[in-house]
Amino acid sequence: MTDREPHRTGPRPPHDGPGRRAAVIVVLTLALLCGAVAAGYLWSFGARADRIRAAHQHQVVATTTGPAREQAALARSGTETRALAPAVWEYPDGVRRSGTVEVPARTPQGRTVTVSVNDSGSPVRPTDGTSGRLLTSVAGV
């Protein structure tokens with residue numbers, strides 16, 4: 001031991017200096033940036049999928065042919081309670097179609113409702129839009 005070195009007794013304390021804190025900050029910053037990039041990719045992927053789906057969806061007016069029947073799976077859709085009801089509509093080219101569509105709960109027979117259909121005239125769920133895409137992109141990260 002030289003005269004310049006201090007005399008140490010006991011175990012050496014763990015190094016918790018500014019270098020370690022800086023490394024933790026760098027790692028956390030990189031994780032945050034990676035999460036932001038992943039959320040951006042999920043957002044753009046969802047936006048592209050929504051555009052493709054929307055290009056093949058059409059809004060038509062349908063008339064219910066029976067009362068709405070509430071389903072457990074459709075009990076809540078946003079803020080409005082939803083149900084299923086038999087209905088008729090015309091699409092494409094005036095072709096008369098019939099089937100079960102999603103309607104507001106307690107919709108009576110003979111009521112007109114707007115439904116989304118695909119290019120062949122079959123009912124489909126409307127796109128989720130911005131709020132659904134935001135939830136998907138944040139939850140996916």
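Colleague: Hello! In which order do the four strands of the open sheet come?

Modeller: Let's start there. The four strands make an open sheet, and reading across it gives β3-β2-β1-β4, with antiparallel pairing. Keep in mind that this is a predicted model.

Colleague: Which strands are the edge strands?

Modeller: Look for a strand that pairs on one side only; here these are β3 (96-104) and β4 (112-117). As you go from one strand to the next, the twist averages 50°.

Colleague: What holds the strands of a sheet to each other?

Modeller: The general idea is that strands pair through backbone hydrogen bonds, and the pairing can be parallel or antiparallel. Now the case at hand. Strand β1 (residues 58-64) is joined to β4 by six bridges, and the two run antiparallel. One example to find on screen is Ala62, whose bridge partner in β4 is Val113.

Colleague: How many bridges pair β1 with β2?

Modeller: Two bridges, again in the antiparallel sense, link β1 with strand β2 (residues 82-90). Thr64 has Ala87 of β2 as its bridge partner. Then β2 goes on to β3 with nine bridges, also antiparallel. There you can spot Glu90 standing opposite Arg96 in β3.

Colleague: What is special about Asp93 in the hairpin of β2 and β3?

Modeller: That hairpin has five residues between its strands, and Asp93 takes a positive phi near 50°.

Colleague: Now the helices. Why do the ends of helix α1 lie 55 Å apart?

Modeller: A helix rises 1.5 Å a residue, so the 38 residues of α1 (residues 18-55) should span 56 Å, and the 55 Å between the end C-alpha atoms agrees with that. Some residues of α1 are buried, namely Gly35, Gly46, Ala47 and Asp50.

Colleague: Where does the helix sit in the overall pattern of the chain?

Modeller: Walk along the sequence and you meet α-β-β-β-β-α. That comes to two helices and four strands.

Colleague: How do I decide whether a residue such as Thr64 is buried or exposed?

Modeller: Compare its relative accessibility with a cut-off: buried means under 20%. Thr64 has 3%, so it counts as buried. This residue is found in strand β1. Beyond its sequence neighbours up to four places away, Thr64 touches several residues, including Ala85, Ala87, Val103, Pro108 and Arg111.

Colleague: And Val88, is that one buried or exposed?

Modeller: Val88 has 16% relative accessibility, so it counts as buried. You will find Val88 in strand β2. Among the residues it touches, leaving out those up to four places away in sequence, are Val61, Ala62, Thr63 and Arg97. To compare sequence with space, take Val88 and Gly110: they are 22 residues apart in sequence and 10.0 Å apart from C-alpha to C-alpha.

Colleague: How do the side chains of a regular strand point?

Modeller: As a general idea, they alternate between the two faces of the sheet.

Colleague: What about loops? Where is Gln57 placed?

Modeller: Gln57 belongs to the loop between α1 and β1. With a relative accessible area of 16%, Gln57 is buried. A polar atom of its side chain lies 3.0 Å from the backbone oxygen of Arg125. Gln57 also touches Ser116, Val117 and Val124, among others beyond four places in sequence.

Colleague: Is Tyr91 in the loop between β2 and β3 buried or partly exposed?

Modeller: At 22% relative accessibility, Tyr91 counts as partly exposed. Outside its neighbours within four places in sequence, Tyr91 is in contact with residues including His58, Val60, Arg97 and Asp119. Tyr91 and Ala62 are 29 residues apart in sequence, while their C-alpha atoms are 10.0 Å apart in space.

Colleague: Let me finish with the whole chain. What share of its 141 residues counts as buried?

Modeller: That share is 21% of the 141 residues. For the accessible surface, the total is about 10400 Å², and 58% of this belongs to carbon and sulfur atoms.

Colleague: What share of the contacts links residues 24 or more positions apart?

Modeller: Among contacts in the chain with a separation of 6 or more, residues 24 or more positions apart account for 56%. Try tracing the pair Tyr91 and Val117 as one contact on your own screen.

Definitions and conventions:
Residues are numbered from 1 along each chain as its sequence is written. This is a predicted model: local features need pLDDT of at least 70, side-chain atom pairs count only at pLDDT 80 or more; totals for chains, interfaces and linings use all residues. Side-chain values use heavy atoms; hydrogens and water are left out. Two strands pair if DSSP finds at least two bridges between them. Axes are lines fitted to C-alpha atoms, for helices over the stretch in contact, and angles run from 0 to 180 degrees between N-to-C directions. The expected span of a helix is 1.5 Å times one less than its number of residues. Buried means under 20% relative accessible area, exposed over 50%, partly exposed in between (1.4 Å probe, protein chains only). Contact means heavy atoms within 4.5 Å. Accessible areas come from the Shrake-Rupley method with a 1.4 Å probe; for residues, only the protein chains shown count as cover. A polar contact is a pair of N or O atoms within 3.5 Å; within protein, one must be able to donate a hydrogen and the other to accept it, and residues adjacent in sequence count only if both atoms are side-chain atoms.
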